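Me: Got a minute to go through a model with me? I'd like to start with the ligand and then jump around a bit.

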Amino acid sequence: MRFVDEFRDPNLGRVVAGQILAAVEPGRHYKVMEVCGGHTHSIYKYGVDDLLPANVELVHGPGCPVCVIPMGRVDDGIALAHEPGVIFTCFGDMMRVPGSRGSLLEAKAAGADVRMVYSPLDALRIAKANPDREVVFYAIGFETTAPSTALTLMRAKAEGVPNFSVMCNHVTIVPPLRALLESPDLRLDGFIGPGHVCTVVGARPLRFIPAQYGKPVVVAGFEPLDILQAIHMILRQLAEGRCEVENQYTRVVPAEGNPRALEVMAQVFELRPHFEWRGLGFISQSGLKLSPAFADLDAEIRFGVPGVRVADPKACQCGEVLKGVIKPWECKVFGTACTPERPIGTCMVSSEGACAAYYNFGRFAREREVV
Ligand code: SF4
C-alpha cells in the first residue's frame, strides 16, 4: 500500500476484524494496552474499538507526552516565563496544561511573553532575532522528539547563541512500562508498542516485556488498519503460545532504530536519577537532563527554578487513566468539571490524551462499553 487512504479502507478493516474474531478464544477476556497516545487518538477517531469482539478490551497507556507532565513542572515553567526579559516558548498543547496556579496560556494573558512554536528550531530563530532577550524552550516528549531538541542545542552551541536555553522535560518510555508491569492493579495480555518512539530507539528496548513479563508486544503504525493488524498479531501470538516483540510498522521502524538520532541524544542528554510523572509519581531513570557539556544551555541552571512538588487536584484521576486502571468516562469529573475547554487534568488537554480522545470521538459509545 502506498497511500494513506488505503490504510483506512473499511472493507479491509472488516476483513482484519474477522481475522481477530477468529483468533479469540471464546470465554477469555483479553486486555491489550496501546502504549502511545497517538494510537488512542486513532482508535477513537476511526472507531477501531467498535470493530473488536466484546472480549477484546483496549486499555490506554502512559505514552502521551503532555499528559505525563506533573503540576510542579508546569509551575516551574510559569515561574521561568515570569522572569524579566524572558521569551518562553513551548508547543501549543503545553500552553493549556494546568499547573497549581493556572496554565502558561493564563500566564501569557497576565503579561508573560509566552509563545507557541512548532519546533525547537523556531525557538532558536526567536532567540537569534531577539539578542537582547533570553529565550527559553520548554522541551517535552519521549525519544520521538528528544533528537530534535538535541540537534537544536548542538546548533545553538555551534553558532554561539548565548541567549537560548532549554528547560528539559524529555522522558523515556521503558521505565514507566516497567512500573506498569510491576503494578498489581493491572492485568494485561499484550502491548501495542509505540511506533513513533521505536522509529528512534528500534524495537529492541521492548524485548524485556516478553522476556521478563511474558507479554507479547507488536510495534504498530497509527492508521486504523495498522492497529487492527497489530491486535490480530498479538492475539495470534497468544493463540500459538508465542511471546515476542514483532514489528507491524516495518515501513517506518527500522529494527535497530535511528543510529544518528541515538548518537545525538547520547551527546546532549543524560538520565536524571528520577523524574516525576503526572499521576504515576517518581520513576527512577525515566527523565532526561542536559549533559555537563551543554549545562550552559540548561534553563534550570541558568535561572534556577522553584522545583516545588505539587499534588494533583483531588478530583483528578489522570494517574488511573494513564495506568489503564479506569476508562476516561469513569473519572468523576469527565465531561462535567473537566472538558477540553476547561481541563482539570492533562489527559483532557492534548489530542493524544485518552480523556480528550474519548471526549471528542468516543463519548457516544459509552453505553455500549458499559454493557
Ligand atoms: S477527566 Fe480530567 S481529571 Fe479526570 S482523568 Fe481525565 S483529564 Fe484527568
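What follows is a short chat about the ligand site, the core and a few single residues.

Reply: Sure, just keep in mind that this is a predicted model.

Me: Fine. Which residues are around the ligand?

Reply: Many cysteines appear in the list: Cys 316, Cys 318, Cys 331, Cys 338, Cys 347 and Cys 355. The others are Gln 317, Val 321, Val 333, Phe 334, Gly 345 and Met 348.

Me: How does that shell divide into nonpolar, polar and charged?

Reply: There are 10 nonpolar residues and 2 polar ones, with no charged residues.

Me: And what about the space taken by the ligand?

Reply: That space is the largest cavity.

Me: OK, switching to the core. How many residues are in the largest nonpolar one?

Reply: It has 99 residues. Phe 88, Met 94, Phe 164, Leu 177, Phe 191 and Phe 269 have the most contacts inside it. Strand β5, residues 134–141, gives the largest share, with 6 residues.

Me: Where does this core lie relative to domain 1 and domain 2?

Reply: Between them, because domain 1 (1–309) and domain 2 (318–362) both give residues to it. As a general point, nonpolar side chains tend to be buried together in soluble globular proteins.

Me: Let's do helix α7. Where does Val 174 stand, buried or partly exposed?

Reply: Val 174, in helix α7 (residues 174–182), is partly exposed at 21% relative accessibility. Buried would need under 20%.

Me: And Pro 176, buried or exposed?

Reply: Pro 176 lies in helix α7 too, but it is buried, with a relative accessible area of 1%.

Me: How far is Pro 176 from Ser 284 in space?

Reply: They are 9.0 Å apart, C-alpha to C-alpha, with their positions 108 residues apart in sequence. For Val 174 and Pro 194, the C-alpha distance is 11 Å and the sequence separation is 20 residues.

Me: New topic: what's up with phi of Gln 285?

Reply: Phi is near 50 degrees there, which is a positive value in a residue other than glycine. Gln 285 is in the loop between β12 (281–284) and β13 (288–290), and it is partly exposed at 47% relative accessible area.

Me: Which helix holds Arg 302?

Reply: Helix α12, residues 299–303. Arg 302 counts as partly exposed, at 28% relative accessibility. Its C-alpha is 9.8 Å from that of Met 167, although the two are 135 residues apart along the chain.

Me: Last one. Where does Glu 341 lie?

Reply: Glu 341 is in the loop between α13 (318–322) and α14 (354–362).

Me: Is that residue buried or exposed, Glu 341 I mean?

Reply: Exposed, since its relative accessibility is 62% and the cut-off for exposed is over 50%.

Me: And how far is Glu 341 from Ala 112?

Reply: Their C-alpha atoms are separated by 21 Å, and the residues are 229 apart along the chain.

Methods: Residues are numbered from 1 along each chain as its sequence is written. This is a predicted model: local features need pLDDT of at least 70, side-chain atom pairs count only at pLDDT 80 or more; totals for chains, interfaces and linings use all residues. Side-chain values use heavy atoms; hydrogens and water are left out. A residue is near a molecule or strand if one of its heavy atoms lies within 4 Å of it. On a 1 Å grid over the protein atoms alone, a cavity is a set of points where a 1.4 Å probe fits but cannot get out, and a pocket is an open set with protein on both sides within 12 Å along at least five of seven lines; lining residues have an atom within 4 Å of a point. A molecule sits in a cavity or pocket if more than half of its atoms lie within 2 Å of its grid points. Ala, Val, Leu, Ile, Met, Phe, Trp, Tyr, Cys and Pro count as nonpolar, Asp, Glu, Lys and Arg as charged, and the others, Gly among them, as polar. A nonpolar core is a set of buried Ala, Val, Leu, Ile, Met, Phe, Trp, Tyr and Cys residues joined through side-chain atoms within 4.5 Å. Buried means under 20% relative accessible area, exposed over 50%, partly exposed in between (1.4 Å probe, protein chains only). Helices (H or I, at least four residues) and strands (E, at least two) are DSSP runs, numbered from the N terminus. Domain bounds come from an automatic or database domain assignment.
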